[in-house]
Amino acid sequence: MSNKDNNFKPFIPAEKTVPEFTATSIILGILLAVLFGGANAYLGLRVGMTVSASIPAAVISMGVIRKILKKDSVLENNMVQTIGSAGESVAAGAIFTMPALFLWASEWGTAKPSLVEIAIIAAIGGCLGVLFMVPLRKALIVQEHGVLPYPEGQACAEVLLAGEEGGEKANIVFSGLGIAAVYKLFADGFKLFPSEVHYEIPAYAGSGVGADVLPALLGVGYICGPKISSYLFAGGITGWFVLMPLIVLFGSNITLYPASVPVAQLYAEGGSFAIWSNYIKYIGAGAVAAGGVISLIKSLPLIIRTFRDAMKGYGKGNDGGNEARTNKDLPMNVIIIAILALAVIIWLVPIVPVNLFSAILIVIFGFFFATVSSRMVGLIGSSNNPVSGMAIATLLVASFALKATGQVGQAGMTAAIAIGSVICIIAAISGDTSQDLKTGYIVGATPYKQQIGEIIGVVASSIAIGAILYLLDSAWGYGSAELPAPQATLMKMIVEGVMGGNLPWNLVFAGAFIGIVVEVLGIPVLPFAVGLYLPIHLSVPMMIGGAVRWFLEKKKNMDEKKKKSMVENGVLYCSGLIAGEGLVGILLAVFAIIPAGSGSFGDVLGGLINSTPINCNLGGIIFFILLILTLLKFTLWRKEK
């Protein structure tokens, strides 16, 4: 049965040819892929979440192409967002897993993965994700048009088609970017005020409260909305106001593994953070793992049905060279040859630490998860795609399989993470490609040009992501307060647990059962578990961002169209906040590794302003309130032109 909407006509008809795959769109797309890839890498390593780059990339593209270059082509803008959004997906897949290789290198005293190794692993995963999805386009995007909504793809198409607002909307994104950049520079560069506020609560031993008063966290909370933010916050409250005080109360004179001193001594020397880092992060890891597995189990019927339906339509509809412009994909023979070549590269290139068995595992798992991801994002959107659950399942299977075949120790663990990295990027990119092709289908893009653009974005951001990962590691190190790298630390723990069995399993299982209880209560496990796993200082500002959006959405006595525009302006402004902080975060990482005197250039920068009066908790709170007011300025108090 065909669900194709035979009455559908794209915005640019098939018989009309307009500028699309141009030097302008390629260069601008690559710049945005690197920009949003870098910003998302920094954001994900800091808070464990990334945000979609498609709409901000489209808006910036319209601002540049329309206002600066004085050109008008919706297909050029679509190509820019296609290339640009690839950077965010590569970053999301890479930061879930690859920092584990850096952490092991420090522990084992071995060499860190090279820039070339990171780039090749990322590029292989990204290219496989695009190639696996291409033959599904006609089955999922065309035949199922009107059935599979592809929410982000449709939203991006609406933004592109409302192009006359492009310049004005782009100003909002750039305003957020500039304000966040200045804010971050004064907070973490010049140290004018602290970026983290913290209060211990002596009357309730073991607890503490605080917030990282930073633009990206406010922005993420607003974009995620009040529900997701509240689930994250609930996880933070459970960890910092329930579990930690109980650990201090009942375990004060006991030495609990993995700590090497009694709980009371640990708390006296390090405060609430010491309790969190030694115990709560393992409980949180168990909850996150349980959430990933539960989401996968709940999705199994859909996954199986999705895979079966997709296979029925796999590669159908190729009519040789007589197809309309809007229906031409990359040729099937090119796709098969490219997939086989990438599989051989995975096996033969020494810097990718996998054998033939692992290479076959990657292709099989990658094909399955790409197929699942491509259809699931059409049903539930990219933000609900259980990529972390897929990565956890892959790592568990890969680790057990490698252990069974005798590939253990450092080589086995490195191979497991390499497999997980490629699979994670495949799942992320195939979902992103699906959304981009849906946008292209609506606006009338040429599919094979979009697919080539997606690969260009993958390659460009793969080269950049290695440099960004190295830079951030050199500046602060993964697992530090600045870069906790939550997903990668979790993946590392899973592989170590399977290979060596050296985890505090009681804590991990306690977290897993907390996750099961949360699921029974009908609360989404993953956001709650991530809130439990991360310090409460991250979920507090996100909750504030979510609360601002809730306030705007519930505002009465306002025209619905105006309210929708106001909320959307907030999304664009917050996208700018995230990009601005991410870029300055990377800049500060550069400063942190440039030697100057007895320290670094970053140390010199931090000493330029004598800010004693406001470099305190109250100073941080005041500046964060001012930041919230800027969000209201671009939403509630903004006058539409």
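This short presentation covers the salt bridges, the cysteines, one pocket and one buried asparagine of a predicted model.

Good morning, colleagues. I shall begin with the salt bridges. The structure holds eight of them, and I will discuss three. As background, side chains of opposite charge can pair when their charged atoms come close.

The first pair on my list is Glu-107 with Lys-492, whose side chains meet in a salt bridge at 2.8 Å from N to O. This pair joins distant parts of the chain: Glu-107 belongs to helix H4 and Lys-492 to helix H16, with their positions 385 residues apart in the numbering. Lys-492 has a relative accessible area of 9%, and therefore counts as buried. The pair does not stand alone, since Glu-107, Lys-492 and Glu-496 are linked in a network of salt bridges.

The next pair is Lys-184 and Glu-581, where the closest N and O atoms are 3.7 Å apart. Here too, distant parts of the chain are linked: Lys-184 is in helix H8, Glu-581 is in helix H20, and they are 397 residues apart. Are these two residues buried or exposed? Both Lys-184 and Glu-581 are buried.

The last pair that I will show is Glu-560 with Lys-563, again a salt bridge, with the closest N and O atoms 3.7 Å apart. Both residues lie in helix H20, three residues apart, which is about one turn of the helix. Their surroundings can be read from the accessibility values. Glu-560 counts as exposed, because its relative accessibility is 56%. Lys-563, with a relative accessible area of 11%, is buried.

Let me turn to the cysteines. How many disulfides does the structure hold? The number is zero. For reference, a disulfide is a covalent bond between the sulfur atoms of two cysteines. Why does Cys-127 not form one? The cysteine sulfur closest to that of Cys-127 is in Cys-424, and at 17 Å it is too far for a bond; the cut-off applied is 2.5 Å. Seen from the other side, Cys-424 has its closest cysteine sulfur in Cys-127, also at 17 Å, and so no bond is made there. As for their exposure, Cys-127 counts as buried at 12% relative accessibility, and Cys-424 counts as buried at 1%.

I now come to the second largest pocket, which contains about 1000 Å³ of space. Which residues of its lining are closest to the centre? Of the 50 lining residues, they are Gly-479, Ser-480, Ala-481, Glu-482 and Pro-484. Several helices give two or more residues to this lining, including helix H1 (23-47), helix H10 (263-312) and helix H19 (536-553). Also among them are helices that we met with the salt bridges: helix H4 (99-108), helix H8 (166-189), helix H16 (486-500) and helix H20 (560-593). By class, the lining has 25 nonpolar, 13 polar and twelve charged residues.

Finally, I would like to draw attention to Asn-278, which is found in helix H10. At 18% relative accessibility, Asn-278 counts as buried, because the threshold for that class is under 20%. What does Asn-278 touch, leaving aside residues up to four places away in sequence? Its contacts are Pro-258, Ala-259, Leu-266 and Leu-507.

To recapitulate, this predicted model holds eight salt bridges and zero disulfides, and its second largest pocket has 50 lining residues. Thank you for your attention.

How values were computed
Residues numbered from 1 in each chain as written. Predicted model: local features only at pLDDT ≥ 70, side-chain atom pairs only at ≥ 80, totals over all residues. Heavy atoms only, no water. Buried < 20%, exposed > 50% of the residue type's maximum accessible area, 1.4 Å probe, protein only. 1 Å grid on protein atoms, 1.4 Å probe; cavity = no way out; pocket = protein on both sides within 12 Å on 5 of 7 lines; lining within 4 Å. Points joined across faces, edges and corners; volume = space filled by probe spheres on them. Helix = DSSP H or I, 4+ residues; strand = E, 2+ residues; numbered from the N terminus. Nonpolar A, V, L, I, M, F, W, Y, C, P; charged D, E, K, R; others polar. Contact = heavy atoms within 4.5 Å. Salt bridge = Lys/Arg side-chain N within 4 Å of Asp/Glu carboxyl O.
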